[in-house]
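Student: Could you take me through this structure step by step? I'd like to ask things as we go.

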Amino acid sequence: MTLELTARDRSMLDGEQGLSAAAAMKILVAFSNAIGARSLLDITGAHIDGCLYHGKAGLDFVERLVEGGGRVRVPTTLNVGSFDLIHPGMVKMPEAEEVPARRLMKAHLELGCQATFTCAPYQTRFRPEFGQQIAWGESNAIVFANSVIGARTNRYGDFIDLCCAITGRAPAWGLHLSESRRGRILFELGLANPEPSDSLFVGVGLIIGQASVDRVPVITGLPQPRDEDQLKALGAAAATTGAVALFHAVGITPEAGTLDEAFQGKAPDETIRVTRADIDHALSRLSGVADGAPLSAVSLGTPHFSHEEWMRLLPMLREVAPGRGIPIYVNTGRATLTRLQEQGALDGMAAFGLIPVADTCTYVTSILERLDGVVMTNSGKWAHYAPGNIGVTVAFAEMRDCIRSAAVGHVVRSAS
Amino acid sequence: MIRPVETEVTERSGTFQLAGITEGQALVISQPLSFWGGIDVETGDITDHSHPGLGQNVAGKILVMPSGRGSSSSSSVLAEAIRRGTAPAGILLERPDPILAVGAIVAEFLYGISMPLVVCDIAGLPSGGRIAVGVGADGEAIVRFVGAATAGGAAV
């Protein structure tokens, strides 16, 4: 199988468009050959998950592209980094790690990437449209773009996302192609009059992620979500427990008007019935903490809190008025934060313990003041990764229960 | 009388995800390993507590496993391990893996260090023998397995 290149691809490969474009195209061609793609296609945007420092190789790669005069050819957003550049001093890190980690964020900007530093680029003005071909990294962003928007990306990340951005091309393979987007496995939710609670969407996400592995899941019986944030939470959970890059929810997501459309007229390979007990079981595994356990912090906004989520949280804070000084960290994009600040929406909120975090996330870097006690979250993804990443004990709950718990100083959950 | 150690050589062909020649001791693991969260990049030790290969070391070996697994951050970890010299000398997989391919391609680009990645039939390859990977006339991978047979083994 040979990879077909256009004259423009070849000109890039031959160095006629600069050293960095040649390097990026060379790597993209090697990658396309490794996966058996037949050709490349144009992309309209990219999202780069390269700003978290994992070692020297990652920085060497970006520096090489900067030295070669590299510039991204399509609008390119950046995922979270290791620092909150808006709130200096929030992240504590030894200097030997801090220098390369800061340089990694800055080097990406020198390539022409946008300083978004968010895991939710779909909340920014760079949100793609239905049917657009894009090359995105970051698992929650990938599943959101494919499923909720109907844009098309594979699970990119680590080097290849940047090569796509520098060349404006991606391999014509996988979820870029219509036939690969058809559903493979059917999840039938058997719930009587389900309330569209946040935790229901998280629970369904955890279950489909675990059982689908890398097959495209189709869900029936899901209640209409209150907003796209509930689908964000479902996708993030599914991409946490499995490699889900695309899900279809019949009657809800854009490529699944009907069951038949979701499966492109074919039959599912497998059908799984999901009961309320299955969902409760999946959620209970996110918190091994009994009600009444002392609380040291709350962390919300994984993936990054949207403006709509802030509009639900802020009245809740005023109403419950937690006054014990328990920090309520809320991870959010800097564009969302700026908008709130311009509106004056955050004025006086520090008194309730609110600590907005931008550009990064509380589970990838050292932000939390206290790692003892229990941290409550409404995020399935945070609950899954935080114990391993930063060594905290987690209790998962609805957002309202997180805030009520902060007010009384220990874990309370209305459902239990 | 002690017999001289004889060897049994088997050869099979495969497809390169990243071409190159290499050689090393075979480390065969039955389950896919995620490099991110599964390998100590400073030593090459397998650190994934849920993996049967826990405690083994991949550095300089020909790692044989069914497939890759998990996060795309494994690309960075593999590239970093190649840079540090703690990566395998080559990897044989039953199913192609884009994430490991990216790590190997980028490390070769940055540091000029080749870590061939081959997709081939891995059935019956035991740990401990030596594996040599070469390039065939049509660009295919030629995998030669040299199993040191003991007196009680195939030499009998």
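Tutor: Sure, and one definition comes before anything else: a residue is buried if 20 or more other C-beta atoms lie within 10 Å of its own, exposed if 12 or fewer, and partly exposed in between, with C-beta atoms placed from the backbone. Helices (H or I, at least four residues) and strands (E, at least two) are DSSP runs, numbered from the N terminus. This is a predicted model, where local features need pLDDT of at least 70 and side-chain atom pairs count only at pLDDT 80 or more, while totals for chains, interfaces and linings use all residues. Residues are numbered from 1 along each chain as its sequence is written, and chains are lettered from A and ligands numbered from 1 in the order in which they are written.

Student: Which residues of α5(A) are buried?
Tutor: Helix α5 of chain A covers residues 139–149, and it's mostly covered, with 10 of its 11 residues buried. Right after the helix comes G150(A), with a positive phi near 85 degrees. The buried ones are S139(A), N140(A), A141(A), I142(A), V143(A), F144(A), A145(A), N146(A), S147(A) and V148(A).

Student: What do the buried residues of α5(A) pack against?
Tutor: Contact here means that the C-beta atoms of two residues, placed from the backbone, lie within 7 Å. By that test, the partners in chain A are β2 (45–48), β4 (134–136), α8 (228–241), β8, β10 and α13 (380–390).

Student: Why is chain A as compact as a globular protein of its length?
Tutor: Chain A has 14 helices and 14 strands. The radius of gyration is taken over C-alpha atoms, and the globule rule is 2.2 Å times the number of residues to the power 0.38. For 416 residues the rule gives 22 Å, so chain A counts as that compact because its own radius of gyration is close to this, at 22 Å.

Student: How far apart do the C-alpha centres of domain 1 and domain 2 of chain A lie?
Tutor: Chain A splits into domain 1 (7–178), domain 2 (182–284) and domain 3 (295–408), with bounds from an automatic or database domain assignment. Between the first pair, 13 residues of domain 1 of chain A are in contact with 16 residues of domain 2 of chain A. Their C-alpha centres lie 28 Å apart.

Student: Which edge strands does the sheet β8-β7-β6-β9 (chain A) have?
Tutor: Strands pair if DSSP finds at least two bridges between them. This is an open sheet of four strands with parallel pairing, and β6 (residues 185–189) of chain A pairs with β9(A) over five bridges. Pairing on one side only marks the edges: β8 (248–249) and β9 (270–274) of chain A.

Student: Why is one side of β12 and β14 of chain A left without a neighbour in the sheet?
Tutor: They belong to an open, parallel sheet of five strands, β12-β11-β10-β13-β14 (chain A). In that sheet, β11 (residues 328–332) of chain A pairs with β12(A) over five bridges. β12 (354–358) and β14 (393–396) of chain A stand at the edges, so each has a single partner strand.

Student: Which element gives the largest share of the side of chain B that touches chain A?
Tutor: 20 residues of chain B are in contact with 21 residues of chain A. Elements giving two or more residues to chain B's side are β1 (7–18), α1 (74–84) and α2 (98–111) of chain B. The largest share, eight residues, comes from α2(B).
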